[in-house]
Amino acid sequence: MAAMFIIVCFTAHLQSPVDPFVSGYPGMEAYSSSQADVFSILTNTASLAQLKSSSAGLVSERRFLMDELNTCAALLGVVVPRGRFALKILYAGFSECKQTQAGLAYARRLGQYVDAGVQFSYHGFQITGYGGAAELSVEAAVVFHVTEKLNAGISIFNPGNLKFGPGSEERLPALYKLGMGYEASPIAFVSAEIIKEEFRPVDAKIGIRYRVHPLLFVKAGVSTATSSIWTGAGIVRRSLHLDMAISYHPVLGVSPQLSLQFVSKERSLEKVPVE
């Protein structure tokens with residue numbers, strides 16, 4: 001039992017502070033000018049600049065069907081005249097071994113071709129019997145609108161390798177992302193992202209979204225570092241978006257995911273002046 005407890009805690013804290021979910025399903029549209037939503041900041045903070053209206057979202061994942069590895073996040077994105085703000089709160093693990101995260105993000109358009117964003121986050125770690133630790137991090141990101149259909153972006157998380165914990169012996173890993181999205185048609189979108197996290201192998205995530213009906217879309221993707229695949233579907237009904245997804249790891253099994261998003265009345269970005 002003790003060994004299992006240690007394994008669960010170790011696995012729970014191995015998840016990335018920037019990519020806390022197994023699949024690339026939430027936030028896949030970060031490199032889309034027309035489909036970026038409040039979940040996009042999970043991939044690239046600068047994508048927040050493309051948020052068309054204020055939104056709130058909830059996402060939960062039961063990693064490998066283990067109660068001890070549950071992850072959930074709540075996000076709120078707010079449109080203001082000179083940019084976009086977002087608040088993120090995340091919880092992972094269980095009562096004996098948990099990780100919490102709270103982040104504040106801001107993004108704005110810097111012209112017709114560039115969006116920029118920054119996110120400050122608090123990370124808390126707690127293991128019963130061993131105490132806890134906390135640290136602050138920063139993420140800077142940009143998205144380039146190469147053409148009307150092609151976007152590319154860069155994200156840098158914790159480049160200073162800040163240390164924390166007793167004796168400052170622990171540290172958050174640095175993480176770098178390079179992503180791209182292509183609007184193949186009004187109903188088809190393809191994204192690709194290369195991720196390099198310190199102490200981990202390079203990972204490539206590839207995903208596709210296809211709208212099969214005005215109210216229904218499907219997604220699928222793969223992560224090369226873990227040979228994981230994922231698929232899901234979403235329903236858009238007025239202001240409510242409901243998504244269900246599942247990812248599969250060849251050794252550890254499946255991880256179901258559910259997300260819900262509320263979007264306020266649509267507001268066209270073309271009516272918002274470019275700062």
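Author: Two strands count as paired when DSSP finds at least two bridges between them. The strands themselves are DSSP runs of E, at least two residues long, while helices are runs of H or I, at least four residues long, and both are numbered from the N terminus. This is a predicted model, in which local features need pLDDT of at least 70, side-chain atom pairs count only at pLDDT 80 or more, and totals for chains, interfaces and linings use all residues. Residues are numbered from 1 along each chain as its sequence is written, and side-chain values use heavy atoms, with hydrogens and water left out.

Reader: Let's try pairing, then. What is the bridge partner of Val 222 in β14?

Author: That's Ile 229. Val 222 sits on β13, residues 216-223, and eight bridges join β13 to β14 (residues 228-237), the two strands running antiparallel. Four residues lie between the strands in this hairpin, and one to check there is Ser 227, with a positive phi near 55 degrees.

Reader: Which strand pairs with β13 over eight bridges and forms a hairpin with two residues in between?

Author: β12. The sense is again antiparallel, over eight bridges, and two residues separate β12 from β13 in their hairpin. Look for Arg 211, which stands opposite Phe 217 of β13.

Reader: How do I read the side chains along a strand like that? Which of those in β13 are buried?

Author: The general idea first: in a regular strand, side chains alternate between the two faces of the sheet. We call a residue buried under 20% relative accessible area, exposed over 50% and partly exposed in between, using a 1.4 Å probe and protein chains only. In β13, Phe 217, Lys 219, Gly 221 and Ser 223 point to one face and are buried. Leu 216, Val 218, Ala 220 and Val 222 point to the other face and are not buried. Over the whole protein, 47% of the 275 residues count as buried.

Reader: Where do I find the largest nonpolar core, and how many residues has it?

Author: Such a core is a set of buried Ala, Val, Leu, Ile, Met, Phe, Trp, Tyr and Cys residues joined through side-chain atoms within 4.5 Å. The largest one here has 16 residues, and Phe 39, Leu 48, Ala 73 and Leu 75 have the most contacts inside it. β2 (70-80), β3 (83-94) and β4 (97-109) each give it two or more residues, and β3 contributes the most, with three. Another core, of seven residues, lies apart from it; among its members are Met 28, Phe 217, Val 236 and Ala 245. So Phe 217, which points to the buried face of β13, turns up there too.

Reader: Polar groups next. Is Gln 119 buried or exposed?

Author: Gln 119, in strand β5 (residues 114-127), counts as buried because its relative accessibility is 2%. Now look for polar contacts: pairs of N or O atoms within 3.5 Å where, within protein, one must be able to donate a hydrogen and the other to accept it, and residues adjacent in sequence count only if both atoms are side-chain atoms. The Gln 119 side chain has one of 2.9 Å with the side chain of Thr 45 and another of 2.9 Å with that of Lys 88.

Reader: And Tyr 31, where is it found?

Author: In the loop between α1 (2-14) and β1 (55-62), and it is buried, at 2% relative accessible area. A contact means heavy atoms within 4.5 Å; beyond four places in sequence, Tyr 31 touches residues including Thr 43, Val 143, Asn 151, Phe 189 and Glu 193. Its side chain makes a polar contact of 3.2 Å with that of Glu 193. Also, its C-alpha lies 7.1 Å from that of Ser 191, although the two are 160 residues apart along the chain.

Reader: Which way does phi go at Phe 199, positive or negative?

Author: Most residues other than glycine have a negative phi. Phe 199 has a positive one, about 75 degrees, in the loop between β11 (188-197) and β12 (203-213). Phe 199 counts as exposed, at 64% relative accessibility. Asn 158 also has a positive phi, about 50 degrees, but is buried at 2%.

Reader: Which element has the lowest mean pLDDT?

Author: pLDDT is the predictor's confidence in each residue, from 0 to 100. α1 has the lowest mean, 39, and β7 the highest, 96. Residues 1-14 stay under 50, and residues 267-275 are below 50 as well.
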